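Here is a friendly walk through one protein model, with a few stops along the way. Keep the structure open beside you as you read.

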Amino acid sequence: CKFIQRDQRPDFDIEAIDLEDKNVYDFISRGETIGVFQLESSGMIDLCKRIRPDSLEDITAVNALYRPGPLESGMVDDFIEIKHGRKDMSFAFPDLEPVLSDTYGVIVYQEQVMNIARIVAGYSLGQADMLRRAMGKKKISEMDRHREIFRTGAIERGFDEKKAVDLFELMANFAAYGFNKSHAVAYGLIAYQTAFLKYYYPAEFFAGLLSTELSNTDKVTAYISNARTYGIEVLPPDVNESLWLFNVVEASPEDENPNVSNIRFGMGAVKNVGEGAVEELIRERKENGPFKGFIDFCERVNLRKVGKKAIESLIKVGAFYSCEKMNRRVLLENMELIVSYGLKKQEERELGQVSLFDMDGADSSQETTRELLDIQEMDDFDSLDKLKYEQELLGIYVSGHPLDRFKDILSQMSSMPIAQVHEIEGNNKRELVLAGLITGKKNILTKKGDRMCFANLEDLSGKIECVVFPTVFKEYEEVFETDEPVIMTGEVRLAEDPRKFFPSKVQKLKDQAEDRVSGVRINVKIEQVSAPKLERFKQILLSYRGSIPAHIILENGDAKGRLPLGDEFLVNPTPQMAARINEIFNDNSVKFIVDGNIKDATTEL
């Protein structure tokens, strides 16, 4: 809300929003509720799609119904069928319509049980609350006593005895599932408010949401992935734009969505960067303008508050990229020299000393100082090294991901994205095939002296901890040392929280691809074809000789043509081969045909 007030509507008040906005209810009904309070689990998303709430009362009911009791009892199905007119609403007695109409005749809330007891059996408020407690605790003696009170009271008030007894039994059955309505309404209101913010102010919503999960890298990864589906980029930390928490920043004209605001990573998420250092950095740029480069930064910030460890981390995550021409390797190699120079300049200012250049009235530029310090050019780190620094210091990859080149192949070879594993419903064991990178490996010795390990398996959607028992670790220890993508077969015990993966088989993705892929399809747009590209393409195919046939699908608008490649271009279908071809055509061009043959796959195409 503060971001909205700062950048868009100074008078914005979350308590004054329209609670009957159809756009928001349609948004929730489509299941666009990742990050929305109480409605973001896969089960809740499915329930929102089925119920299609169009009022605050419906959202309140969603909160109350999404629990094992109502889901298993058929209450939820009745609620949905009646709401959508596929089943008639009915009441044991017409007098109960005001009490049950909001929930389509289904008893959902404890307050409804209490009001039914008052209307049908003449209970006082205090007696109705005693009935609610007795039903919730299932005290048989108390229930027997209340059954008789309810029956007698209903007869005295002119209600049909049999219907009244049946109603009591229905209430008794549902009371175990009964939810406190006042609690559900409060949850429902906050759910609507957060959905409203996500729909109308997505960048501000995600910046606030990510800030609440600053130290939870799993949640941060999932929310960043969802933000990108709305055209919002989550950018690495920046000394001129980042705050301690996540910040909303304007998109640049070069962005794909120049009208959509982006989010700048919070410096509070960077290891070794303390809140005091960030406060000093923000104070200086507010008082004296943005930093013009790394040298300017070291001349201006209080280097007693912003230490070398913090500066090193900021360099490694690219926080000087927008204002500095020197690359990360040059900055790291010369950090000590430039920081010492900055300290000297600050000491001179404190002592009132002025340099020859200052006396002359000239403002010594970054370039002049760089020449003075004799800082030499050198090649920057490669993209994988930069990503490793981001993973090390932020806990996640921000500017890209080592698996970006393999995302289509990963989806073909695995059961599901890792993030979905954490959302599967149930309490049993589930056999799965998961693919990704092994990170955070830790070897240990068991009490028997056998070696095993704990590690994380990470893909583009999230990560899961892997428990690798001694027999599996002994067989696949070499694979656990690789930096390459892997594919694991194993089980997840759904009853565990947090869930863990227990692999029984571990292979490099390229080896598994060779075992399962029966064909390779390469989609190429006609406008991408040129003689130099075709020559590079040919050389890659020849350098990955194997036994798997390949064919090209040439695309020209809606028209497509199939070009089978001859036996001289049989390939070994590795992820590395796919990544190199994808780079040539600047697209996810390569598709592996798994457990099938080329002819069938092409016919289906």
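## The barrel

Strand E6, residues 463-468, and strand E8, residues 500-508, pair in the parallel sense, with two bridges between them. If you would like a spot to look for, find cysteine 466: its bridge partner in E8 is phenylalanine 501. Keep in mind as you look that this is a predicted model.

Now zoom out from that pair. E6 and E8 belong to a barrel that five strands close in the order E4-E5-E6-E8-E7, and the pairing is mixed. From one strand to the next, the twist averages 50 degrees.

## The open sheet

There is also an open sheet, made of four strands in the order E12-E11-E9-E13, again with mixed pairing. Which strands stand at its edges? They are strand E12 (559-564) and strand E13 (590-594); each has a single partner strand, so one side of each is left without a neighbour in the sheet. The twist in this sheet averages 25 degrees from one strand to the next.

A good place to follow the pairing is strand E9, residues 517-525, which runs antiparallel to E13 and is joined to E13 by five bridges. Here glycine 519 stands opposite isoleucine 593 of E13. As general background, strands of a sheet pair through backbone hydrogen bonds, in either a parallel or an antiparallel way.

## The largest pocket

The largest pocket has a volume of about 1600 Å³. Its lining counts 44 residues, and those nearest the centre are Ser41, Ser42, Ala419, His422 and Glu423. By class, the lining is made up of 16 nonpolar, 14 polar and 14 charged residues.

Which element gives the largest share of this lining? That is H14, with six residues. Helix H3 (42-51), helix H5 (68-73), helix H14 (217-228), helix H24 (418-421) and E6 each supply at least two residues. E6 therefore links two parts of this tour, being both a strand of the barrel and a contributor to the pocket lining.

## Two helices in contact

Finally, turn to helix H12 (residues 181-200) and helix H13 (residues 202-212), whose axes come within 5 Å and cross at roughly 125 degrees. Because of that angle, H12 counts as oblique to H13.

On the H12 side, the contact is made by Thr194, Leu197, Lys198, Tyr199 and Tyr200, and on the H13 side by Pro202, Phe205 and Phe206. Sorted by class, the residues of this contact are six nonpolar, one polar and one charged.

Terms used: Residues are numbered from 1 along each chain as its sequence is written. This is a predicted model: local features need pLDDT of at least 70, side-chain atom pairs count only at pLDDT 80 or more; totals for chains, interfaces and linings use all residues. Side-chain values use heavy atoms; hydrogens and water are left out. Two strands pair if DSSP finds at least two bridges between them. Axes are lines fitted to C-alpha atoms, for helices over the stretch in contact, and angles run from 0 to 180 degrees between N-to-C directions. On a 1 Å grid over the protein atoms alone, a cavity is a set of points where a 1.4 Å probe fits but cannot get out, and a pocket is an open set with protein on both sides within 12 Å along at least five of seven lines; lining residues have an atom within 4 Å of a point. Grid points are joined across faces, edges and corners, and a volume is the space filled by probe spheres set on the points. Ala, Val, Leu, Ile, Met, Phe, Trp, Tyr, Cys and Pro count as nonpolar, Asp, Glu, Lys and Arg as charged, and the others, Gly among them, as polar. Angles under 35 degrees count as roughly parallel, over 145 as roughly antiparallel, 65 to 115 as roughly perpendicular and the rest as oblique. Contact means heavy atoms within 4.5 Å.
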